[in-house]
Amino acid sequence: MTPDGMPIAMLRDADLADLDPRTAVEAMREAAIAAEDGRLVAPARISAPLDDGRLVVTAGEVRGVCFGFRSYDTRGHEHGEQVVVAHDARTGVVEAIAVGTLLGQIRTGALGGLAADLLADPAADTLAVVGAGHQAWQQIRMVAAVRPLSLVRLASRTRPRADALAERVREKLGLPCEVATTPQRCVAGAGLVVLATSSRTPVLEARDLDPDAHVTTLGPKRVDGAEFDEDLLSTAALLATDSRAQLLGYDPPTLAASTGRGDDVVTLGALATGAVARPPRGRSVFLSVGLAGTEVLLLHRIARESA
């Protein structure tokens, strides 16, 4: 219980599975705007060495709203979990604790949904996803929450996983969903594309994509391995990210930094506030790196809506 008698929201993955994706996308919109106007504080992550890995802590605050942290380890246990704690910024009271892995997956998916809302051609209604893991599902459900889709197309090197995800999309979202035999066939003609693979070698080239497609990539794509090559970035009309500081601060550097286009990258916050406009033509690429502090704001919003 909190000091004023309110229960602390204790959430596990099962409690978050049916979260309205619009709640998550709007929380990320709020975070992106807060980052743009300086209200989101996201200090560098803390990494503590352990015998066989590291314990990592990321902290964040949206001034006047909430603050808190996320902690996770790098040991790679099959059932390893993260902890996210959200405090009310006005009182310092702990208002919610989430244990599991789903909150982070939802956060990343919601950033992709926000990017699609801000950057994709309003007429785009075909979503192509290369990859069929947990993040592929979250990206699909978040994009579907902001755009009316007529078709979802999947490609994966593991066909049974792609078939299972396609069935989930049909059953849970009521959308037509096809499985393509290659990444190239998957993305052909699609106005919305998500690259959700762990491949360290390119799975497609820029020429495989529609010239006006919006593309989301996930995680820091570094020069030592990524599922796309520099041509995806060098031919883009607009590059965007959730955090320029994080994108340009990795070592080894990200492909965005190594191509010399680091100064061209704009933030979702600049797009959300109208400070930067989406170009009417040409490909856009969202380079998602996971804006620090966003899990805390998302947990805060979930706790408030469920109170």
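**Entry 1: helix α5**

I start with a working rule: the expected span of a helix is 1.5 Å times one less than its number of residues. The model I am reading is predicted, and I wanted to see whether helix α5 follows that rule. Helix α5 runs over residues 159–173, which makes 15 residues, so I expected a span of 21 Å. I find its end C-alpha atoms 21 Å apart, in agreement with the expected value.

Next I asked which residues of α5 are buried. I noted Ala162, Leu165, Ala166 and Val169. They cover an arc of only 105° around the axis, so they sit on the same side of α5. The spacing rule helps here: an α-helix has 3.6 residues a turn, so residues three or four places apart point the same way.

I then looked at what the buried residues of α5 pack against, and found α4 (134–146), β9 (151–155) and β10 (177–179). On the other side of the helix I found Pro160, Glu171 and Lys172 exposed. After α5 comes Gly174, and I noted that its phi is positive, near 70°.

**Entry 2: helix α4**

Since α4 is one of the elements that the buried residues of α5 pack against, I applied the span rule there too. α4 has 13 residues and should span 18 Å; I find its end C-alpha atoms 19 Å apart, which agrees. I listed the buried residues of α4 as Gln135, Ala136, Trp137, Gln138, Gln139, Ile140, Arg141, Met142 and Val143.

**Entry 3: salt bridges**

How many salt bridges does a search of the whole structure find? I recorded 20. The general idea is that side chains of opposite charge can pair when their charged atoms come close. I wrote down some of the pairs.

Arg39 and Asp37 meet through their side chains at 3.0 Å, N to O. I have Arg39 as partly exposed, at 29% relative accessible area, and Asp37 as partly exposed too, at 44%.

Glu205 pairs with Arg207, and the closest N and O atoms are 2.7 Å apart. Here Glu205 is partly exposed at 35%, while Arg207 counts as exposed at 72%.

Arg304 and Glu95 form a salt bridge at 3.4 Å, N to O. Arg304 is in helix α11 (residues 294–306) and Glu95 in strand β7 (residues 94–100), so this pair ties together parts that are 209 residues apart in sequence. I have Arg304 as partly exposed, with a relative accessible area of 36%, and Glu95 as buried, at 11%. Both belong to a network of salt bridges that links Asp88, Arg90, Glu95 and Arg304.

**Entry 4: His300**

I stayed with Glu95 and looked up His300, which is in helix α11. Is His300 buried or exposed? I find it buried, with a relative accessible area of 2%. A polar contact of 2.3 Å joins the side chains of His300 and Glu95. Leaving aside neighbours within four places in sequence, I list Val65, Cys66, Ala86 and Glu95 as the contacts of His300.

**Entry 5: Asp242**

I looked for Asp242 and found it in the loop between β13 (238–241) and α8 (244–247). Asp242 is buried but has no salt bridge. The nearest side chain of opposite charge is that of Arg107, 6.1 Å away; a salt bridge needs the nitrogen and oxygen within 4 Å, so this pair does not count.

What does the side chain of Asp242 make a polar contact with? I noted the side chain of Thr241, at 3.3 Å. I also found the backbone nitrogen of Val289 3.0 Å from a polar atom of the Asp242 side chain. Not counting residues up to four places away in sequence, Asp242 touches Leu111, Leu268, Phe286, Leu287, Ser288, Val289, Gly290 and Leu291.

**Entry 6: Pro220**

Val289 came up again when I turned to Pro220. I place Pro220 in the loop between β12 (214–218) and α7 (230–234). Pro220 is partly exposed, with a relative accessible area of 30%. Not counting residues up to four places away in sequence, I find that Pro220 touches Tyr250, Thr254, Ser288 and Val289. Last, I looked at Pro220 and Pro252, which are 32 residues apart along the chain; their C-alpha atoms are separated by 9.8 Å.

Methods: Residues are numbered from 1 along each chain as its sequence is written. This is a predicted model: local features need pLDDT of at least 70, side-chain atom pairs count only at pLDDT 80 or more; totals for chains, interfaces and linings use all residues. Side-chain values use heavy atoms; hydrogens and water are left out. Helices (H or I, at least four residues) and strands (E, at least two) are DSSP runs, numbered from the N terminus. Buried means under 20% relative accessible area, exposed over 50%, partly exposed in between (1.4 Å probe, protein chains only). The arc is that of the directions from the helix axis to the C-beta atoms. Contact means heavy atoms within 4.5 Å. Lys and Arg count as positive and Asp and Glu as negative; His and the chain ends are not counted. A polar contact is a pair of N or O atoms within 3.5 Å; within protein, one must be able to donate a hydrogen and the other to accept it, and residues adjacent in sequence count only if both atoms are side-chain atoms.
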